[in-house]
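Reader: I'm new to this one and would like a close look at a single part. Could you pick one buried loop residue, walk me through its surroundings, and then show me how the neighbourhood connects to other spots worth a look?

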Amino acid sequence: MKAKEIIIFFVSILMVLAAIALVFPNKGVEGYFHTYRFPHLDKLLNFHPEKKEVKALDRMKNIEQNMQLDDSQPMSAYDREFMQFNAKNPARIYLPHNNVHYFDRLFAQMDSCVSKGELLHVVHYGDSQIEADRITSYIRERLQSQFGGSGPGLLPVVQPIHSYTVKQRNSNNMERYLVDGTLQKVALGRRYGALAQYTTFSGNANFHIYTKMDRHNTFNNIRLFVGNTSPNFRAQLVPDNSKPLETHIIAKATPGASIINWKMRRGISAFTINVSGSGELYGVSLDAQCGIAVDNVPMRGSRGTFFTRMDQTLFSYMHQQLNTQLILLEFGGNAMPIIQTQQDVLAYRQLMDMQIRWIKQCCPQATLILLGPTDMSEKVDGQLQTRRLLEENIQCMRDIALRDGIAFWNMYDVMGGRNSMQEWVSQNPPLAMPDYTHLSNAGAEMIGKMFVESLLNYYDHYQKRSIADNKQPQQALTNKIKK
């Protein structure tokens, strides 16, 4: 073909495609098994590209700036400023019945835990967004700085996923069972415990843990949660570069759960535990003897609908022993690939309703906050957009949380709402990964920071009200740490 003929051929093809783009229905054409779509002409030529005038980092700084309330004001002025934050700021926590007293009991316990010599746990359940102790580690750092405490909290005995907080290794004769997610290995029965997993062994076995935390890394209170143990079950703690501590023996076979506890005068940051016999190991808690402990429980690929598949008695027992006073539930993202219709949204809402009610029944002492998912992108007509039905799913999650009497925090709104994930990916350094689903380490830290600062605003309001009511809290407002 001559050059002129080739040009005419391609121009003809382009004209045919342009004509199809002009007349093809925006919603596509329904086939028997599939909906057929064709991009509209303005999208092909990018006549009207969507522009965001405010960048992600600028938006985060603006939200954070609007969270800085003036504590020096009289109570009436401060209360008006707080109520404005509680009503309009994207980082606000939605409270059931808009009850600003929702956290009062929790804050009173956090205030007094060190003076009373008590240890309380905050447990953060979530999907891969919190894997490797992301988000949780920032929450832990801030709460321990504010209220006291140290150590990484409750950990599984076997953890194959890299963590930024601890390094773990174990002998080869240990088997890990996980109730949910893409890494699950389902066991017979429902005895998964507070970590939604457990480890079995037979014979002689051991595991080693070393903390990599920058601050609050030492611990002097180690508790090993065990169950279904054989006669003469033994557990020995050996701190690194030190002599072995007391060997604990459970003489009789014990089908139920029990705790082996080592308390030390000085904190350590690395140790090995040797066990012999057989049994189930539900987790090991590495804490101070008072203050706040924050536990990271990631479930890769989980939709958060696994709680009702576990044994209530064991789950409740462990949380009672841990003195769990706050439970964070970060889920919803992994539900999106299977949510295709409004009916799917309602079905997920019903499943989450069952989980919330189950947890409240097991842990009546705990305050609960449901954290909705981040923005997530998919290609629609060749362009990245927020996943269809994501906003509807988040709205349903918020509605069911408030109806069930627990709080809700909207990560989607904090990020900036619709199509904000694209901005987070394009930041330098990136705040999200190029899969347009997962946060980067920097983005995870930013989300953790926004959550804690929001929570501490409610804490500051609690303190101001306590002072106004002549009910002096244990910790003065001057001790507030804002980073």
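Author: Let's start with Thr374, which lies in the loop between strand E16 (367-372) and strand E17 (377-380). Keep in mind that this is a predicted model. So is Thr374 buried or exposed? Its relative accessible area is 3%, and because the cut-off for buried is under 20%, Thr374 counts as buried.

What does the side chain of Thr374 make a polar contact with? The partner is the side chain of Gln129, at 3.3 Å. Gln129 also turns up among the residues that Thr374 touches, if you skip those up to four places away in sequence. Leu390, Met411, Tyr412 and Met415 are on that list too, and so are Met421, Thr437 and Leu439.

Now have a look at Trp409. Leaving out residues up to four places away in sequence, Trp409 touches Ile369, Leu370, Leu371 and Gly372. Those numbers fall within strand E16 (367-372), one of the two strands flanking the loop of Thr374. Trp409 also touches Ala91, Arg92 and Ile93, along with Val414. Its other contacts are Ile447, Met450, Phe451 and Ser454.

Trp409 also belongs to something bigger: the largest nonpolar core, which has 106 residues. Trp409 is among those with the most contacts inside this core, together with Phe103, Tyr125, Phe307 and Trp424. Helix H12 gives the core its largest share, eleven residues. There is a second, separate core as well, with 27 residues, including Val157, Ile222, Ile260 and Met264.

Helix H12 (441-468) leads us to another loop, the one between helix H11 (420-426) and H12, and that is where you'll find Pro429. What's special to spot there is the peptide bond from Asn428 to Pro429: it is cis, with omega near 0°.

Two more loop residues are worth a glance for their backbone angles. Asn98 is not a glycine, yet it has a positive phi of about 55°. Asn98 sits in the loop between strand E3 (93-94) and helix H5 (104-112). With 51% relative accessibility, Asn98 counts as exposed.

Asn232 also has a positive phi, near 55°, and is a residue other than glycine. You'll find Asn232 in the loop between strand E9 (219-229) and strand E10 (233-239). Its relative accessible area is 46%, so Asn232 is partly exposed. Thr374, back where we began, is buried at 3%.

How values were computed
Residues are numbered from 1 along each chain as its sequence is written. This is a predicted model: local features need pLDDT of at least 70, side-chain atom pairs count only at pLDDT 80 or more; totals for chains, interfaces and linings use all residues. Side-chain values use heavy atoms; hydrogens and water are left out. Helices (H or I, at least four residues) and strands (E, at least two) are DSSP runs, numbered from the N terminus. Buried means under 20% relative accessible area, exposed over 50%, partly exposed in between (1.4 Å probe, protein chains only). A nonpolar core is a set of buried Ala, Val, Leu, Ile, Met, Phe, Trp, Tyr and Cys residues joined through side-chain atoms within 4.5 Å. Contact means heavy atoms within 4.5 Å. A polar contact is a pair of N or O atoms within 3.5 Å; within protein, one must be able to donate a hydrogen and the other to accept it, and residues adjacent in sequence count only if both atoms are side-chain atoms.
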